[in-house]
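Work through the exercises below with the sequence and the model in view, and compare each solution with your own reading.

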Amino acid sequence: MNLTENIKKIRSGIEAAARAAGRDPAEITLLAATKTQSSQAIRAAVAAGITVCGENRVQELTAHLADNAYQGAQVHFIGHLQTNKVKYVVGRVELIHSISSDKLLLAVAERAGQLDLVQDILLEVNLAGEASKSGFSPEEAPAAARRCAGLPSVRLRGLMCIPPAAGHPGENLPHFQKLRQLAVDIRSEMMDNGMDMDVLSMGMSGDYADAVMAGSTCIRVGSALFGPRPPMSPIPHDEREISI
Ligand SMILES: *Cc1c(COP(=O)(O)O)cnc(C)c1O
């Protein structure tokens, strides 16, 4: 596994897709999805030119922050976030990609208010209505965006999605196009509220070229960067949320 080679390969993939779509490749951020990676691997990625890291798990985020592993890069939160864990994330990351419910939105806003800061966020949209995934439905997203406009301690920066794993190139293109259109629609409404949504977080190792074609500004890449991951351990019991 050669990080420098992998980054080069991904960047040229971004460039080709951007060019094909008539876009400037500089508009697209390559976020390193660092789940299961060691602090040492994260440091190596930053040294090799990664400018944004994305964490899935609060526990890993906390450990890597304590280790100063992200020094020289931004850190974002991209995974499922339980409301009882927001205190470990709000104010510690530049952007939370995964605001997936009203309950979480309000918990993040409350925590940011306590800390007297403004937390940048994205709304996660569950495009395909997958039961296994969290997120607002495309129909719910505009109302959630309006709610953000009324919360001074959060700044809505855009939308994020995790579509089903693509079996072949082009398979997720319709999902990405749908998210992009949803962002355009919400954005025109939000501009009147003084919010400028400029982030579209979509595309992973298997489908980032399609995401870039459809307008992604942030692709989240793990395995194409670091190599295949061991399967993730199930979420520890104390991180599960009891729904009532
Ligand atoms: C793991 C993960 C990624 C990266 O997945 P790869 O297929 O390894 O590129 C992107 N986004 C989220 C939310 C993830 O959990």
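**Exercise 1.** Determine which residues surround the ligand, and how they divide by class.

*Solution.* Counting a residue as near when one of its heavy atoms lies within 4 Å of the molecule, the ligand is surrounded by Ala33, Lys35, Asn56, Ile78, Ile162, Met204, Ser205, Arg220, Val221, Gly222, Ser223 and Arg229. This shell divides into five nonpolar, four polar and three charged residues, where Ala, Val, Leu, Ile, Met, Phe, Trp, Tyr, Cys and Pro count as nonpolar, Asp, Glu, Lys and Arg as charged, and the others, including Gly, as polar. The model is predicted, with local features needing pLDDT of at least 70 and side-chain atom pairs pLDDT 80 or more, while totals for chains, interfaces and linings use all residues. Residues are numbered from 1 along each chain as its sequence is written, and side-chain values use heavy atoms, with hydrogens and water left out.

**Exercise 2.** Find polar atoms of Lys35, Arg220 and Gly222 that approach the ligand, then state how much of the ligand the protein buries.

*Solution.* Begin with the side chain of Lys35, which has an N or O atom 2.6 Å from an oxygen atom of the ligand. Next, a polar side-chain atom of Arg220 lies 2.9 Å from a ligand nitrogen atom. Gly222 instead offers a polar backbone atom, 2.8 Å from an oxygen atom of the ligand. Finally, the ligand taken alone exposes 390 Å², of which the protein buries 90% (accessible areas by the Shrake-Rupley method with a 1.4 Å probe).

Conventions
Polar contact = N/O pair within 3.5 Å; in protein donor to acceptor, adjacent residues only side chain to side chain.
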